[in-house]
Structure formats: C-alpha cells, structure tokens
Amino acid sequence: MSVGIIGTGHYAPDNIVTNKDLEKMVDTTDEWIRSRTGIEERRIAKDDEDSSDMAYEAAKLALADANITAEELDLILVATVTPDTPFPSVSCMIQEKLGATNAASMDVSAACAGFMYGVITGQQFIQTGVYNHVLVIGVDKLSKITDWTDRNTCVLLGDGAGAAVLGKVSDDKGILSFELGSDGSGGKYLYQNEDNYLVMDGSSVFKFAVRQMPESSINVIEKAGLKKEDVDYLVPHQANIRIMEAARKRLGIPEDRMAKTVKQYGNNSSASIPIALSESLKQGKIKDGDVIVMVGFGGGLTWGAVALRWGK
Ligand code: ACO
C-alpha cells in the first residue's frame, strides 16, 4: 500500500495588485520586479477575508476532486504562518466549516516549506494504517504581516490557499521518498519582527534557496531509486523565478515541465506549492504515472522535498 494525493484544489483572492500599483506605493519599478523575481502581479485578500476563509474554499474543491465527504476525513493539517488567531487553530476552524466530524486537527508551522511538512506528516498516519484520509492545506495571508513601505519584501508577497487530500493508492503510485530539514541558525534571515512584519535578508535567503532546492530535489530522486532523467514534472516553491530556474537547470528538466505560478501570484508562502500543483493538474500538465518532485524552502530555515508517482 502506498500513500498518494487523491484530490487537489486551490483558491486565490480576486483582488489583483500589479507591479504598476506598487510603483505608486514604494520606490520600485515594474521592470525591477519582473527582472529580479519574475513576478508581475499578486492576489491580496480583503480585510475581512482571513486565512481560514481562503483555506475553506481550497478545501471544498480538494474534497470534491477526491470524491470524498468531509465525514471521511481523519485528520486536517493546515500549514500556515498567518493563522487567523494563534488559537483556535485554522485547522479547527476548517473542521467546523466543513463539518468534518471525525477529524483531528492541527496547524503546522514551517513557513514556505509547511505544505511539504504537512504532506509527510499526513503520510505517516495513513502508512501506519491508523487513518484513511488526511486533508493537507497550505494557506497564508502574508499581506497582513507585510510592511507596505518596505520595497525589499512587499513586492514579493501575496495571499492564497491550496489543498490536497491524501489517501491510499496502488502500490506503484504515490509518495516514493521525502526529505525534510531545518537550520535554526538561519532564522535571522527571515522572521516576523516585534511590529509583526515579515523581515528578510533577501540575498542570504537567495543563496540558501539556490543551494537547497536542487540539493533536496536530487536527494529525493536518489532515495526513490530514480535518476534525474526520470522526473517528468517539477513543482518548486514559487518565490523567485531565478531560484526556480536554478533548480530546474540542475535537474535538466525542460522549461515547460516546471510549474510556474509566481508570475501571477508572487510568493504566497505555504500556499505556493499546492496552488502550483493544483493549477498544473487543472491545465493537464501532469499525467497518470508521471514522476513529480515538489520542493520548498522557507523561514526557520526549513526545507522539504517529495518525489511521487502521480495517480491512484
Ligand atoms: N525595487 C527596486 N530596488 C530594490 C527593490 C525593489 N522592490 N528591492 C530591493 N532593491 C534594491 C536593493 O536595495 C539593492 O540596492 P543597493 O544595491 O543600492 O543596496 C538593489 O535593489 C539590489 O538588491 P539585491 O539584493 O542585489 O537584489 P537581488 O538580485 O538579490 O534580488 C531579491 C533581491 C529579489 C529579494 C532576491 O534576493 C530574492 O529573491 N531573495 C529570496 C527571497 C525569497 O525567496 N524569500 C522567501 C521567502 S518569503 C517567506 O518565506 C514567507
């Protein structure tokens, strides 16, 4: 028995903020943002739309896609660094909204790598035979911790949610290998300050990410007993097109075989990988039997990668 993703869904707020809009707010240009990051626009949630609201929309779509009811969920894991409140957790809010009466719930904090941590945590419960279905959601409303006067960060960030239902799949499909890691000594490069704003040393995070994304990807490929050539599709954390391209080139993956949502969503943290996965599936870019690698990094510092063979 293997554990795989049996349904996905995503949600992004309607409100689009373009680079041109940001030119009016901070000393920046559309050209600088595009050339340094690949971002053209991002979605920003309304004041009264919180992480739990976005997570709920993504969750409903993932359940429908998996063709299961909320009552069939055993566990809800929500990866977020921007919960509505420290407690109750977003996952408990989702449990109530969905009517998932049989589910345990907890939030996972691993910044942009949170969805990877959630998927692997959920996998363990199914692999050991105690649970059948786990809902994993990556959601962040970074706009509420963004300093809109800081051009170093505000041009990069956005809001959104992505969800996946984990379940049992046939032996030759599902999760093949994973790697999770952390290095607290790099916490000073990316954190929330006393004013509650996200603060980042961009070039240190950039150097870490450019090294870690390809390294973790290669590690999971090797752990799965595969070669780089066996990978059909790459779903990297959508922080910066230059970081994503560095990973893609190290793996020798053709340009059209990498998920790219950074252009229209920017970096929406825990939501970035599940949104990129869900969009790629809806666009028919991932076929049954494809080997895909998902890989992320984030504040902590944290990182995580998963290799899986797509399908039920
Ligand atoms: N517009 C114009 N100029 C800017 C802007 C801006 N928005 N932001 C910074 N600059 C300036 C800098 O001040 C600097 O000026 P200086 O040379 O006079 O000091 C200049 O541009 C060049 O800055 P660099 O740091 O060299 O630019 P770089 O090419 O490294 O790109 C970037 C900066 C995009 C932030 C990059 O370092 C990066 O992407 N880092 C990783 C970010 C990331 O992935 N964060 C992840 C996590 S977020 C989370 O976990 C929630």
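Which helix gives the most residues to the shell around the ligand? Helix 7 does, with four residues.

## Basis of the model

The model is predicted: local features need pLDDT of at least 70, side-chain atom pairs count only at pLDDT 80 or more, and totals for chains, interfaces and linings use all residues. Residues are numbered from 1 along each chain as its sequence is written, and side-chain values use heavy atoms, with hydrogens and water left out.

Helices (H or I, at least four residues) and strands (E, at least two) are DSSP runs, numbered from the N terminus.

## The shell around the ligand

The ligand is surrounded by 24 residues (a residue is near a molecule if one of its heavy atoms lies within 4 Å of it). T28, C112, R151, G202 and N240 are the closest. By class, this shell holds 11 nonpolar, nine polar and four charged residues. Here Ala, Val, Leu, Ile, Met, Phe, Trp, Tyr, Cys and Pro count as nonpolar, Asp, Glu, Lys and Arg as charged, and the others, Gly among them, as polar.

Several polar contacts (pairs of N or O atoms within 3.5 Å) involve the ligand. A polar side-chain atom of N240 is 2.7 Å from an oxygen atom of the ligand. A polar backbone atom of G202 lies 3.0 Å from a nitrogen atom of the ligand, and an N or O atom in the side chain of W32 lies 3.4 Å from a nitrogen atom of the ligand. On its own, the ligand has 1,000 Å² of accessible area (Shrake-Rupley method, 1.4 Å probe), of which the protein covers 73%.

Two or more residues of the shell come from each of helix 2 (30-37), helix 6 (151-154), strand 10 (198-200), helix 7 (202-223) and helix 8 (241-251).

## The largest pocket

A pocket is an open set of points on a 1 Å grid over the protein atoms alone, where a 1.4 Å probe fits, with protein on both sides within 12 Å along at least five of seven lines; lining residues have an atom within 4 Å of a point. The ligand sits in the largest pocket (more than half of its atoms lie within 2 Å of the grid points).

The largest pocket contains about 790 Å³ of space, the volume filled by probe spheres set on the points, which are joined across faces, edges and corners. Its lining has 36 residues, and N152, L156, L190, M200 and G202 are the closest to its centre. Helix 7 supplies the largest share of this lining, four residues. By class, the lining has 18 nonpolar, 14 polar and four charged residues.

## Backbone features in loops

The peptide bond from F87 to P88 is cis, with omega near 0 degrees; P88 is in the loop between strand 4 (75-79) and helix 4 (90-98). The bond from G300 to L301 is also a cis peptide bond, with omega near -10 degrees.

How values were computed:
Polar contact = N/O pair within 3.5 Å; in protein donor to acceptor, adjacent residues only side chain to side chain.
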